[in-house]
Each structure stands twice: as structure tokens, then as C-alpha cells.
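Good morning, colleagues, and thank you for joining this session. I should like to present a protein structure for those who have not yet worked with it. Please turn to the display.

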Amino acid sequence: MIKRPTALAAGLLVLALVGCAQPPATATKSSIGPTQTAAGPTYKACLLTDAGSVSAGSPAEQAIEGLNRAQRELGVEANSVAAESSADYAPMLQSLADEQCSMVVALGSGMANAVEAAAKANPAVEFALIDAIPNSTPTNLRPVVFNVQESGFLAGYAAAARSTS
């Protein structure tokens with residue numbers, strides 16, 4: 001029975017610490033955003049996903065929603081394409097680079113080799129590879145890997161705190 005008061009005390013401590021945190025700095029807004037000029041967008045963000053990976057709640061759907069939000073709120077130009085097969089990765093990545101994308105984000109571990117090759121072939125374009133680590137990392141390629149085990153640990157800890165057995 002001591003678990004419930006301990007969990008309550010820990011929760012209150014977290015709330016108190018969050019309440020004492022410094023607020024984020026606010027940015028001033030102008031009529032023209034930092035990535036937009038009077039002539040139009042100066043930044044183009046592009047996304048490559050697998051055709052079958054876009055479903056409700058999937059990482060691909062969330063990435064597309066984030067891209068659309070950046071387009072609405074930041075004024076960036078956006079382009080999202082889906083590859084039908086792994087043979088499409090390399091030509092589609094090159095096509096996005098040829099479209100003058102400022103950044104190309106590739107979503108999926110199967111794209112690692114194609115993204116690495118595209119980054120080497122197009123050093124003026126920034127690339128991000130989500131959920132994979134390439135064999136080598138050119139300076140214009142950033143792998144982004146999430147530590148899902150950390151959230152799993154916290155969920156298990158919370159479940160153990162609520163358990164009565």
C-alpha cells in the first residue's frame with residue numbers, strides 16, 4: 001500500500017519541478033517569416049516515405065502532418081512523395097535533390113544505403129534519415145534514431161507503481 005503515496009509524492013515533485021522551470025523564450029513575429037521573402041518561400045522541405053507506410057497514426061502520417069504544419073506556419077515549400085518499392089529510393093531521392101529541396105527527409109530503415117549515396121552525390125542538399133543509421137555519414141546527412149526503449153521503461157515503471165500485487 002506504500003506504493004500509492006510514493007507515486008503520488010513523485011508526481012507532485014515532478015509537477016513542482018516543472019512549475020519552477022524557465023519559460024521558453026518567445027519569438028517576435030513579422031508579416032514575413034524567417035524562411036519567406038516577399039517573392040515567396042526560400043526553403044523547400046521534401047519527404048520520402050514508403051507507399052504502404054502511410055496509415056492512421058503511423059510515423060509516416062505524423063511526418064506528413066509535420067511537413068504540412070511547417071508549410072502553414074513557417075511558410076516553407078513542401079513536397080511529399082511515396083516510393084512504391086525499394087528500387088524507387090535512389091531515383092526519387094535524386095529527383096528531390098534536382099527539385100532544389102533544401103532538406104530531404106527519408107523515413108525508413110530500408111532507405112539507409114540510398115540516402116547515403118544521395119547525400120554523397122548532392123553535397124549542397126541536407127538529408128535526414130529517420131529510424132536508421134547509414135554505414136558512413138557524410139557531413140550533409142543526419143541520422144535520427146529514437147530510443148523507444150526509454151519510453152517503454154517509463155511505461156513499465158508507471159504500471160508497476162499502479163500495480164497492487
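I shall begin with the overall arrangement, then turn to the core, the strands, and a few individual residues.

Let me say at the outset that this is a predicted model. The protein has 165 residues, and 25% of them count as buried. Its secondary structure comprises 5 helices and 7 strands. Read from the N terminus, the order of the elements is α-β-β-β-α-β-α-β-α-β-β-α. The accessible surface comes to about 11,000 Å², and carbon and sulfur atoms account for 60% of that area. As for contacts in the protein with a separation of 6 or more, 47% are between residues 24 or more positions apart.

I now turn to the interior. How many residues does the largest nonpolar core have? The largest nonpolar core has 21 residues, and those with the most contacts inside it are Leu 93, Val 104, Met 111, Val 115, Phe 127 and Leu 129. Several elements contribute: β3, spanning residues 44–50, together with α3, β5, α4 and β6, each supply at least two residues of this core. Helix α4 provides the largest share, namely 5 residues.

Leu 93 illustrates how such a core residue is surrounded. Setting aside neighbours within four places in sequence, Leu 93 is in contact with Leu 48, Val 104, Ala 114, Val 115, Ala 118 and Phe 127.

Helix α4 deserves a closer look. This helix covers residues 112–121, and its buried residues are Ala 112, Ala 114, Val 115, Glu 116, Ala 118 and Ala 119. What covers the buried residues of α4? The cover includes helix α3 (89–98) and the strands β5 (103–107), β6 (126–130) and β7 (141–144).

In that list of buried residues, I would draw your attention to Glu 116, which lies in α4. Why does Glu 116 count as buried? Glu 116 is classed as buried because its relative accessible area is 9%, and buried means under 20%. Apart from neighbours within four places in sequence, Glu 116 is in contact with Pro 134, Asn 135, Ser 136, Pro 138 and Leu 141.

Next, the strands. Strands β3 and β5 run parallel and are joined by 4 bridges. Leu 47 has Val 105, in β5, as its bridge partner. Strands β5 and β6 also run parallel, with 5 bridges joining them. Here Met 103 stands opposite Glu 126 in β6. As a general point, side chains in a regular strand alternate between the two faces of the sheet.

Let us move outward to the surface. Phe 153, Leu 154 and Tyr 157 together make a nonpolar surface patch of about 400 Å². Tyr 157 belongs to helix α5, residues 148–162. Is Tyr 157 buried or exposed? Tyr 157 is exposed, since its relative accessible area is 59% and the exposed class begins over 50%.

My final residue is Asn 68, which is placed in helix α2, residues 59–74. With a relative accessible area of 33%, Asn 68 is partly exposed. Asn 68 and Ser 80 are 12 residues apart in sequence, and their C-alpha atoms are 9.3 Å apart in space.

To close, I would return to helix α4, the source of the largest share of the core. Thank you for your attention.

Conventions. Residues numbered from 1 in each chain as written. Predicted model: local features only at pLDDT ≥ 70, side-chain atom pairs only at ≥ 80, totals over all residues. Heavy atoms only, no water. Buried < 20%, exposed > 50% of the residue type's maximum accessible area, 1.4 Å probe, protein only. Contact = heavy atoms within 4.5 Å. Patch = residues over 30% accessible without salt bridge, like charges linked within 9 Å, V, L, I, M, F, W, Y side chains within 5 Å. Areas by Shrake-Rupley, 256 points an atom, 1.4 Å probe, with all protein chains shown as cover. Salt bridge = Lys/Arg side-chain N within 4 Å of Asp/Glu carboxyl O. Core = buried A, V, L, I, M, F, W, Y, C linked by side-chain atoms within 4.5 Å. Pairing = 2+ DSSP bridges.
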